[in-house]
Amino acid sequence: MQTEYNSKKIEKKWQNYWDEKQSFKANNNDNKKPYYILVEFPYPSGAGLHVGHVRSYTAQDALARMKRLQGYNVLYPMGWDAFGSPAEQYAIKNHIHPKDAVKENIKTFKGQMKDLGFSFDWSREFSTTDPDYYKWTQWQFLQFYKHNMAYKATVPVNWCPTCKSVLSNEDAAGGVCERCGTSVEQKEKSQWMLKMSDYSEDLLKGLDDTNFADRVKLGQINWIGKSTGVELDVPIVGGGAFSVFTTCIETVYGITFFVIAPDR
């Protein structure tokens, strides 16, 4: 006898059961061996999830479920990276107060995740806009400041005149703003900086104690950008000099000319 599989009814039944029984809650005092899975928290700044979210969360969800079956106490949390320009621009575009926009979008995102059946521990849910969360971000910055690791400097940045925001190189790829398509301008802006370069060596050595994939470690190594070489002064005909850095000092005698960028 063939019976019809009513996906909406059956899946909703089990999703309600998981919520009621808190099936995926990670208990702090559990005797099982712990296993922690962390996925990138989404920006709740649009009308809902996109396929990239579903792709990465589905893969990690499969891992979380497998580890639970293997007897682990799995912590698989979800939160919302709700501060910053994406949420602000969404609120402006839709004429909604940012606080209300974030709540509205989180509700949509969470509902979609539950419909997809992801096994997140919702008891650990938080948003970066929660005062109980961002007070620690503020505390952390104060520690940087107290230890002379936070300072102000005027540096060249990628500037979007429409979003009125500084963009990363990734967000300004191709010379346009990723969010609105406006041509990006180069301008100097005073902003807070952190002396992370003082800890470059510690960050590099610390990678030896991690279990990240080699490609992830390589990305971090390239981002830290350690370079060993020498700095030398190059005399200018008619007087003066300028300094250059090179990792290949042995090639200095092959130099025939220098080109200096006009914005430097």
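**Stop 1: the salt bridge at D121**

Select D121 and R124 in this predicted model. Their side chains form a salt bridge, and the closest N and O atoms are 3.2 Å apart. The two partners differ in their surroundings: D121 is buried, at 2% relative accessibility, whereas R124 is partly exposed, with a relative accessible area of 29%.

**Stop 2: E125 and K110**

Next, select E125 together with K110. A salt bridge joins these side chains, at 2.8 Å from N to O. E125 belongs to the loop between α4 and β4 (126-127), while K110 is part of helix α4; the pair, 15 residues apart, links distant parts of the chain. E125 is partly exposed, at 28% relative accessible area, and K110 is also partly exposed, at 24%.

**Stop 3: D115 and K12**

Remain on helix α4 and select D115, then add K12. The closest N and O atoms of this salt bridge are 3.4 Å apart. D115 lies in helix α4 (residues 98-116) and K12 in helix α1 (residues 7-21), so the bridge ties together parts that are 103 residues apart in sequence. Is D115 buried or partly exposed? Its relative accessible area is 46%, and D115 is therefore partly exposed. K12 falls into the partly exposed class as well, at 36% relative accessibility. A search of the whole structure gives six salt bridges; the pairs visited at these stops are among them.

**Stop 4: the aromatic cluster**

Now display the aromatic side chains. The structure contains 17 aromatic pairs. Begin with Y57 and F120, whose rings meet edge-to-face, at 6.0 Å centre to centre and with 85° between the planes. Y57 lies in helix α2 and F120 in the loop between α4 and β4, so this pair ties together parts that are 63 residues apart in sequence. Both rings belong to buried residues.

From F120, extend the selection to W122. F120 and W122 also form an edge-to-face pair, with 5.6 Å between the centres and 80° between the planes. F120 has a relative accessibility of 2% and counts as buried; W122 is buried too, at 17%. To see the wider arrangement, select Y57, Y76, W80, F109, F118, F120 and W122, which ring pairs link into a cluster.

**Stop 5: charges over rings**

Two sites show a charged side chain placed over an aromatic ring. Select R65 and W18: the charged end of R65 sits over the ring of W18, 4.8 Å from its centre. Then select K187 and W159. K187 lies over the face of W159, and the distance to the ring centre is 4.5 Å.

**Stop 6: the largest pocket**

Turn to the open spaces of the model. The largest pocket holds about 860 Å³ of space. Which elements give two or more residues to its lining? They are α2 (51-69), α3 (85-93) and β6 (165-167). The largest share comes from α3, with seven residues. In total, 34 residues line this pocket; select Y43, S45, P86, E178 and R179 to find those nearest its centre. Colouring the lining by class gives 14 nonpolar, 13 polar and seven charged residues.

**Stop 7: the second largest pocket**

Select F83, Y133, T137, Q140, F141, V166 and L194, the residues that line the second largest pocket. About 410 Å³ of space lies in this pocket. Which helix gives the most to the lining? Helix α5 (residues 131-146) does, with four residues. The lining comprises five nonpolar and two polar residues, and no charged ones.

**Stop 8: Y199**

Finish at Y199, in the loop between β7 (185-194) and α6 (200-206). Y199 is partly exposed, with a relative accessible area of 36%. Add I224 to the selection and show the distance between the C-alpha atoms. Y199 and I224 are 25 residues apart along the chain, and their C-alpha atoms are separated by 9.6 Å.

Conventions:
Residues are numbered from 1 along each chain as its sequence is written. This is a predicted model: local features need pLDDT of at least 70, side-chain atom pairs count only at pLDDT 80 or more; totals for chains, interfaces and linings use all residues. Side-chain values use heavy atoms; hydrogens and water are left out. On a 1 Å grid over the protein atoms alone, a cavity is a set of points where a 1.4 Å probe fits but cannot get out, and a pocket is an open set with protein on both sides within 12 Å along at least five of seven lines; lining residues have an atom within 4 Å of a point. Grid points are joined across faces, edges and corners, and a volume is the space filled by probe spheres set on the points. Ala, Val, Leu, Ile, Met, Phe, Trp, Tyr, Cys and Pro count as nonpolar, Asp, Glu, Lys and Arg as charged, and the others, Gly among them, as polar. A salt bridge is a side-chain nitrogen of Lys or Arg within 4 Å of a carboxyl oxygen of Asp or Glu. Buried means under 20% relative accessible area, exposed over 50%, partly exposed in between (1.4 Å probe, protein chains only). Rings of Phe, Tyr and Trp (its six-membered ring) pair if their centres lie within 6.5 Å; planes under 30 degrees apart count as stacked, over 60 as edge-to-face and the rest as tilted. A charge sits over a ring if NZ of Lys or CZ of Arg is within 6 Å of the ring centre and within 35 degrees of the ring normal.
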